[in-house]
Amino acid sequence: MLKALTRDRLVSEMKQGWKYAAAVGLMAVSFGAAQAQDADDALIQRGAYVARLSDCVACHTALHGQPFAGGLEIKSPIGTIYSTNITPDPKYGIGNYTLEDFTKAIRKGIRKDGATVYPAMPYPEFARLSDDDIKAMYAFFMHGVKPVALQNKQPDISWPMNMRWPLAIWRAMFVPTVTPGLDKSISDPEVARGEYLVNGPGHCGECHTPRGMAMQVKGYTAKDGNAYLSGGAPIDNWIAPSLRSNSDTGLGRWSEDDIAEFLKSGRIDHSAVFGGMADVVAYSTQHWTDDDLHATAKYLKSMPAVPEGKNLGQDDGKATALLEAGGKGDAGAEVYLHNCAICHMNDGTGVNRMFPPLAGNPVVITDNATSMANIVTFGGILPPTNTAPSAVAMPGFRDHLSDQQIADVVNFMRKSWGNQAPGTLSASDIRKLRTSGTAVSTAGWNVSSKGWMAYMPQPYGEGWTFSPQTHTGVDQAQ
């Protein structure tokens, strides 16, 4: 009897032990699964941030389209191409891409089928993306983006330029071999992070660096000389200005805080974003962390000095006095007084964080007047951002002023309040811009300190580089 009781108790206790062990094991498995899920979610969130750094949504979203489903029109010298569907849809998107396929497309511009993508995608800069950033971005696109079954639009490019195999030759000739991740030769970790952001995911040089005969960027880092980030030619009839240290048309008069605040809010006391850069701020940089914004600013201010320009002098007060006297005898001054002075003031100082100053503004005095002619003709929008939620519109005057009046007022602004922008615009320049979208070519180009090429369209004819449609004023930021 006692033996039987002992045996029964032993069996019971063993069963209880097994249940306890099973419960503990189940808890361990559940805890491990939860940790894995947290890790996956963190990776996806990290990838979403890397995609913001890279501004993927702005180009890969059509006007009024679904995020990342492609279809945005991109003009090039050889014809029109359209951004592609990069959602995880298995038929029309990248749903069948492995991490290896994705990495090859990002860093080398090679699709899963082996074809080279058009270099409107900045894969020369994306080659700098670190392994960790690419892995995170892959996780985001595969698991954090809604698949959209939208077929890609075929490029509108005539034969023989529609053949893709020459792109492989272009890639071999002009895309540098780089080491992914931070530049280890930079000792300051904050500057190194900024350099990575500017020259990697931020791909700033695509617009802010001039291009050569084959449309190749003339420099990918500060080691490539003074051409790097020295300002580009017209893109969608906007000039991407110099990001170098010169005090007239560059960032020489900007502080690090100015740069960081501009990228975050789109406006500071002496400048405001417009044109293609408005999309960059709305879709990308306003979402960057403060640390990354300040790292970017610190890198830009750390770059080697470049020769000072001659486009800005001292304000002698004559323009202000002329306007205060009614502008009589100067056609450009009269147009300015009746249409511009109410916002930008007689002395060209504007209104802080709303209407940017015209006196000493790098965009006003840059060698090529296309941006100024474009914004006076067609207007522009200062987009709302998270930190500056008000939108401010600049009206276009194409239906209110004649071609000659627009040319006169642009010329007046570029040579007043100490502004010494070279060259003059003609009514013919404005007419071409208004009717055909042709970038202006300033007359009197031979007076430029930068040589005659500063005023001519970049090699390869009109529309020498890609001109994506902008969402600003059309779509809310995705």
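# Close-up views of a predicted model

**View 1. Helices H16 and H17 cross at roughly 130 degrees, and their axes come within 10 Å.** H16 spans residues 370-378, and H17 spans residues 403-414. That angle makes H16 oblique to H17. The crossing is right-handed. From H16, the contact takes in Met 372, Ala 373, Val 376 and Thr 377. From H17 come Ile 406, Val 409, Val 410 and Met 413. The residues of this contact split into 7 nonpolar and 1 polar, with no charged residue. The model shown here and in the views below is predicted.

**View 2. Helices H9 and H11 pack at an angle of about 130 degrees.** The axes of H9 (residues 256-265) and H11 (residues 290-302) lie 8 Å apart. H9 is therefore oblique to H11. This crossing, too, is right-handed. On the H9 side, the residues in contact are Glu 256, Asp 257, Ile 259, Ala 260, Leu 263 and Lys 264. On the H11 side, they are Asp 290, Leu 293, His 294, Thr 296, Ala 297, Lys 298, Leu 300 and Lys 301. By class, the contact of H9 with H11 holds 6 nonpolar, 2 polar and 6 charged residues.

**View 3. An unreviewed UniProt entry lists Cys 56, Cys 59 and His 60 under "binding site".** Cys 59 sits in helix H2, which covers residues 56-59. His 60 belongs to the loop between H2 and strand E1 (73-76). Cys 59 has 28% relative accessibility, so it counts as partly exposed. His 60 is buried, because its relative accessible area is 17% and the limit for buried is under 20%. Neighbours within four places in sequence are left aside in the contacts that follow. Cys 59 touches Leu 72 and Ser 83. His 60 is in contact with Gln 66, Pro 67, Phe 68, Ala 69 and Gly 70. The contacts of His 60 also include Ser 83, Thr 84 and Ile 86. Ser 83 is thus a contact of Cys 59 and of His 60.

**View 4. UniProt, again in an unreviewed entry, places "binding site" at Cys 204, Cys 207 and His 208.** Cys 207 lies in helix H8, made up of residues 205-208. His 208 is also found in H8. Cys 207 is partly exposed at 28% relative accessibility. His 208 is buried, with a relative accessible area of 11%. Contacts here again leave aside neighbours within four places in sequence. Cys 207 meets Gly 232, Ile 235 and Ala 240. His 208 is in contact with Leu 229, Ser 230, Gly 231 and Gly 232. Ala 240, Pro 241 and Leu 243 are also among the contacts of His 208. Gly 232 and Ala 240 appear in the contacts of Cys 207 and again in those of His 208.

**View 5. His 64 has a positive phi, near 60 degrees, and is not a glycine.** His 64 is in the loop between H2 and E1. His 60, from View 3, is found in that loop as well. At 63% relative accessibility, His 64 counts as exposed, because the cut-off is over 50%. His 60 is buried, at 17%.

**View 6. Arg 353 also has a positive phi without being a glycine.** Its phi is about 65 degrees. Arg 353 is placed in the loop between helix H14 (341-344) and helix H15 (362-365). With a relative accessible area of 29%, Arg 353 is partly exposed.

**View 7. Pro 422 and Lys 310 are 112 residues apart along the chain, yet 9.1 Å separates their C-alpha atoms.** Pro 422 occupies the loop between H17 and helix H18 (427-436). H17 is the helix that crosses H16 in View 1. Pro 422 is buried, with a relative accessible area of 10%.

Definitions and conventions
Residues numbered from 1 in each chain as written. Predicted model: local features only at pLDDT ≥ 70, side-chain atom pairs only at ≥ 80, totals over all residues. Heavy atoms only, no water. Axes fitted to C-alpha atoms, helices over the stretch in contact; angles between N-to-C directions. Helix = DSSP H or I, 4+ residues; strand = E, 2+ residues; numbered from the N terminus. Parallel < 35°, antiparallel > 145°, perpendicular 65-115°, else oblique. Left-handed = near helix turned anticlockwise from the far one by under 90°. Contact = heavy atoms within 4.5 Å. Nonpolar A, V, L, I, M, F, W, Y, C, P; charged D, E, K, R; others polar. UniProt positions renumbered as here; feature names shortened; annotations may be inferred. Buried < 20%, exposed > 50% of the residue type's maximum accessible area, 1.4 Å probe, protein only.
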